[in-house]
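The report below walks through selected local features, moving from a helix and its surroundings to backbone geometry, a pocket and the cysteines.

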Amino acid sequence: MSDAPLLFLDANALASPVTRTLLIAGANADGLRWTWSAYVEAEADEHARGQSMLTSKVRQKVLQTELSPTAASTTGLSTDAKDGQVIADAIEAGARYLITADVDDFALADLDAYEMSAVNPDYFMEQRFTENAYRKGLRLLAAVQSNPARTEPELHRVLGRRHPRLTARFAALYDTTPVEADPDQPSVIFRGVACIRCDNHLDSEENLRVGLCAAHLPTT
């Protein structure tokens, strides 16, 4: 079994076909593992957007992977009951990162106890993905998106709405300027104890605030 860190994808990351494609294609390119559970998949299918293929169909027909195991209980967890099954399933799978748009739904006590971090998808991809991972994600989106069809540079431009950090990180790759970010960006984008860049345990207040260990803090 690979010792690459495992990403557990929450329903809100899977329900968006663009975010789902970027995460999975980029993770594959960078050698990261990913999974989700039956509980999460049912939620993602329920909240699927537009005419996009359901997450369950993508997993079965395209990815051809199995679901992660379902935790038998949420007893003892500090996370609210409505999100308890999600983090319980992530723990059961052995995940290092819980990729979710609702980072603040998950209790730090639970993340700390199981050496995990909950990370916003845009922030995770900005910090962790390589240039190759981003290019692979855009290439796949350009190949499958038909309504409307878009080139890689066009996709890079429109991704600025929901993925402003990711498009800013790779701004030099395409000769186009990403559109302005939507105003409803989440205020909490990281919570946990695992460094996004290298998986190391985080200790200091500053490290815990931004999700990066001392070796990966940006220099100013």
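## Helix α7 and its cap

N120 caps the N-terminal end of α7, with a side-chain oxygen that lies 2.9 Å from the backbone nitrogen of D122. The coordinates belong to a predicted model, and the distances and accessibilities in this report should be read with that in mind.

Helix α7 covers residues 121–128, and it is largely enclosed by the rest of the structure because 8 of its 8 residues are buried. The buried residues include the charged side chains D122, E126 and R128, together with P121, Y123, F124, M125 and Q127.

D122, which lies in helix α7, deserves a separate description. Its relative accessibility is 3%, and D122 therefore counts as buried. While the backbone nitrogen of D122 takes part in the cap provided by N120, a polar atom of the D122 side chain lies 3.0 Å from the backbone nitrogen of L166. Leaving aside residues up to four places away in sequence, D122 touches R162, H163, P164, R165 and L166.

## Q85 in helix α5

A second buried polar residue is Q85, which is found in helix α5 and counts as buried because its relative accessibility is 18%, where the cut-off for buried is under 20%. The side chain of Q85 makes a polar contact of 2.7 Å with the side chain of D89. In general, residues three or four places apart in an α-helix point the same way, because the helix has 3.6 residues a turn. Beyond the residues up to four places away in sequence, Q85 touches Y39, T70, A71 and T74.

## Positive phi outside glycine

Most residues other than glycine have a negative phi. Which residues have a positive phi of about 55 degrees although they are not glycines? Q64 is one of them, and E115 is another. The table sets out where each lies and how accessible each is.

| Residue | Phi | Loop | Relative accessibility |
|---|---|---|---|
| Q64 | about 55 degrees | between α4 (55–63) and α5 (81–93) | 64%, exposed |
| E115 | about 55 degrees | between α6 (108–113) and β4 (117–119) | 31%, partly exposed |

## The second largest pocket

The second largest pocket holds about 190 Å³ of space. Its lining is made up of L6, R33, W34, T35, W36, R59, T65, E66, L67, S68, P69 and A93. Strand β2 (residues 33–35) gives the largest share of this lining, with 3 residues. Sorted by class, the lining has 6 nonpolar, 3 polar and 3 charged residues, the charged ones being R33, R59 and E66.

## Cysteines without a disulfide

How many disulfides does a search of the whole structure find? The search finds 0 disulfides. C198 is in no disulfide, and the nearest cysteine sulfur, that of C213, is 3.6 Å away. Seen from the other side, the sulfur of C213 has its closest cysteine sulfur in C198 at 3.6 Å, which is too far for a bond, because a disulfide requires a pair of cysteine sulfur atoms within 2.5 Å. The two residues can also be described by their accessibility: C198 is partly exposed, with a relative accessible area of 22%, whereas C213 counts as buried at 7% relative accessibility.

Conventions: Residues numbered from 1 in each chain as written. Predicted model: local features only at pLDDT ≥ 70, side-chain atom pairs only at ≥ 80, totals over all residues. Heavy atoms only, no water. Helix = DSSP H or I, 4+ residues; strand = E, 2+ residues; numbered from the N terminus. Buried < 20%, exposed > 50% of the residue type's maximum accessible area, 1.4 Å probe, protein only. Polar contact = N/O pair within 3.5 Å; in protein donor to acceptor, adjacent residues only side chain to side chain. Contact = heavy atoms within 4.5 Å. 1 Å grid on protein atoms, 1.4 Å probe; cavity = no way out; pocket = protein on both sides within 12 Å on 5 of 7 lines; lining within 4 Å. Points joined across faces, edges and corners; volume = space filled by probe spheres on them.
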